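I opened my notebook for a first walk through this structure. Here is what I looked up, step by step.

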Amino acid sequence: MSDDNREGTIRGWTRVVTARPRLTLLLALLFTALAVVAGSGVGSRLVAGGWEAPGSQSSYATKALAQHFPASQPNLVLLVDARGAGVDSPAVAAQGRELARRLAADPAAAGVTSYWDTHAAALRAKDGGSAMITARLRGDDDTVASEVKVIAPAYRGAHGPVTVTVGGSAAVGDELQSTIRADLLRAEVIALPITLLLLVMVFGSAIAALLPLGVGIVAILGTSAVLRGLTEFASVSVFAENLTTALGLGLAVDYALFIVRRFREELSTGQTPRAAVGTTLRTAGRTVLFSALTVAASLSAMLVFPQYFLRSFAYAGIAVVLLAAAAALVLLPAALVLLGDRVNALDLRKALRLSTSAEPGAGYAGLARYVMRRAPLFAAGAVAALLVLGLPFLRVTFGTADDRQLPATAEAHVVQQHIRQEFPGSPDGAITVLTQGADATQLAQYDRRVAALPGVVRVDGPFTDSGSGSAYVRVLPKGEAVDTATQVLVRRIRAVPTDFRASVAGQAAVLDDSKHAIGEKLPWAVGIIVLVTLLLVFLLTGSVIIPVQAVLLNALSLTAMFGAVVWVFQDGHLSGLLGFTSSGSIETTLPVLMFCVAFGLSMDYGVFLLSRIKEEYDRTGDHQASIVFGLRRTGGLITAAAVILAVVMVAIGTSRVTDTKMLGLGIALAVIMDAMVVRTLLVPAVMRLTGRFSWWAPPALRRFHDRFGISESGGHPGAGGSGTPRAEQSRDPEPATRG
């Protein structure tokens, strides 16, 4: 694309969004109203789960067992407390059988099994004070989520001589859904006023501060509409609502922050409001769009994984990032044209007793000079510190999400904890093996082989279905349901030679298959992120060195997050302070999600810093002065944006659901480390060490960048970005100290 075409596109876009600003705002208001309507009720359509790998052996076995042997895959537990009378007393036994009969008559339930009908030891508490009725709610995740809302209230509470509480994975999912929705509302109430206060501190003007917040609110409402639309053709995880809302709000505020700041800079040079908006869109606006594409590209890497937990985050995340950018690039310029100089009205800094005397960015310029004078020390020290903070991740243990995600007082969590502590075996903790095409002799032989494996307590079954020719056995492991020994046992069972089809299901099998699926696709996801990052940063800078630096430094910025996740959430440190129950493991898909999101956000800030460094380098050709200029212009803004995004993420981290807490607090830490350590210390130190070689590119790639590159300056993108700066002759005589 030629310079004229590129500039023509920007001028055309500027005319579109500024020619009729009132109409633009009216359409935005209409869109917001439609989003409110479209997004209503989205929370009830989101589902828990999505961690299993579709197409895996365990997924196939789970579906086949649910169809032919629903009792083998219970997802609903009625815990019946005898209130001290004992579960074998006549009155309690009669009531227990009546409850089981009622549940069996419900068309939504299948495979109803009760202690009073089977006298199975696994369904009776060790002290005889309580017993279980288990069942399988029919249908997919959406159907189960709807049915449990009807069934649970019908059985919960007192029934004659007994008291019933409801558990099982269906009840856990229902409580996760309601808890996350309530937590999201509280997070928004926390985040919005704090964000407004921070914006006032950044801009001074109440009008300027309200603009990014308004764009953020539009993004929140639009996020709900996006999620609601996605639920029409795909399963969307209940966890997606919190994180995508946080991304929508945080990124919209960040993008608006940069655009408003640049607009005010251009106004201060004497431009008219319309001209200032044009310059802003040509510079900061172009960078915002570029930044949004980098974040969307990082999120798109999750599409390579089969789990819908990750895929739903990719669909929703990409849509929300582009929505946040669109709000900042369409709604905001129209408002700025109408406001003009009034964007600086209502300066609240004096009322809030905030300093207005300091030169903007002077502290960051001084820090950049100081760091570059001691570049080897800062580079080595920062890298070493980040690597040390990441060491706990080397002992990560992967597991599955269960009831311990919920608050300690949640009914489903209380029920499951009681089962773990008081019953001889969990109804969903065994390994279940589905066999197909085996006769009685083969089944007996297979049972003996499985029972002889190390780590097996006993084998129950076989339980047969003559109609389908299928059977299953339940293998009780010595260890916990999903610990390492049980996962090893799953692999040993799968290795037992047979003349028929044997498929292994159960929590440990699902976890093992999920880990395998993630391990198989992870190199592809990382490759996509790395390649897209290298390409986009090359298009921005014209260098082949800076993109490599960007990838490595972004990865380093995530080490503290991963180390903290293991030290806090796996090991249980600070669990009392933060209010969660550690399960001793990290859910398998979460590190992938956190990596994709945090890497994209780190790249977001990297783009804003590098674009200003590149802009100054194109203008002067002075490498060190350009670094100082870039940090002076963007250091405070990046820090403010990072703090605002961290506030939003910490608000999400106040959730009572452990995985949501982990996501919010972990990503907040990554964002702060990136802004405070990587952008202000590592980037200037590393770029000082690589010197002007930072801008090197082979001649062929330099010509490619000259033709297709992206520049915030609005001039020729290759006018110096690859080592041939436009104004070598105007180089500052004191490049290391230039502000």
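What should the 12 residues of helix H3 (residues 57-68) span at 1.5 Å a residue, and how far apart are its end C-alpha atoms? I noted first that the model is a predicted one. The expected span of H3 is 1.5 Å times one less than its number of residues, so 16 Å, and the end C-alpha atoms are 16 Å apart, which agrees.

Next I checked which H3 residues are buried. I found Ser 58, Ser 59, Ala 61, Ala 64 and Leu 65. The partners of these buried residues are strands S7 (431-436), S9 (470-477) and S10 (501-505), along with helices H16 (484-495) and H17 (507-541).

Then I turned to a sheet. It is open, has five strands in the order S2-S3-S1-S5-S4, and pairs them antiparallel. Strand S2 (109-114) and strand S4 (157-159) are its edges, each pairing on one side only. Ignoring direction, I read an average turn of 25° between neighbouring strands. Helix H6 (residues 141-155) packs on this sheet, touching strand S1 (76-81), strand S3 (130-137), S4 and S5, and its direction makes about 150° with that of S3. I also looked at S4 with strand S5 (residues 162-167): three bridges join them in the antiparallel sense. Gly 157 stands opposite Val 164 in S5.

Last, I stepped back to the whole protein. I listed 24 helices and 11 strands. A compact globule of 739 residues would have a radius of gyration near 27 Å, and the 29 Å of this protein agrees. Buried residues make up 56% of the 739.

How values were computed
Residues are numbered from 1 along each chain as its sequence is written. This is a predicted model: local features need pLDDT of at least 70, side-chain atom pairs count only at pLDDT 80 or more; totals for chains, interfaces and linings use all residues. Side-chain values use heavy atoms; hydrogens and water are left out. Two strands pair if DSSP finds at least two bridges between them. Helices (H or I, at least four residues) and strands (E, at least two) are DSSP runs, numbered from the N terminus. Axes are lines fitted to C-alpha atoms, for helices over the stretch in contact, and angles run from 0 to 180 degrees between N-to-C directions. Contact means heavy atoms within 4.5 Å. Buried means under 20% relative accessible area, exposed over 50%, partly exposed in between (1.4 Å probe, protein chains only). The radius of gyration is taken over C-alpha atoms; the globule rule is 2.2 Å times the number of residues to the power 0.38.
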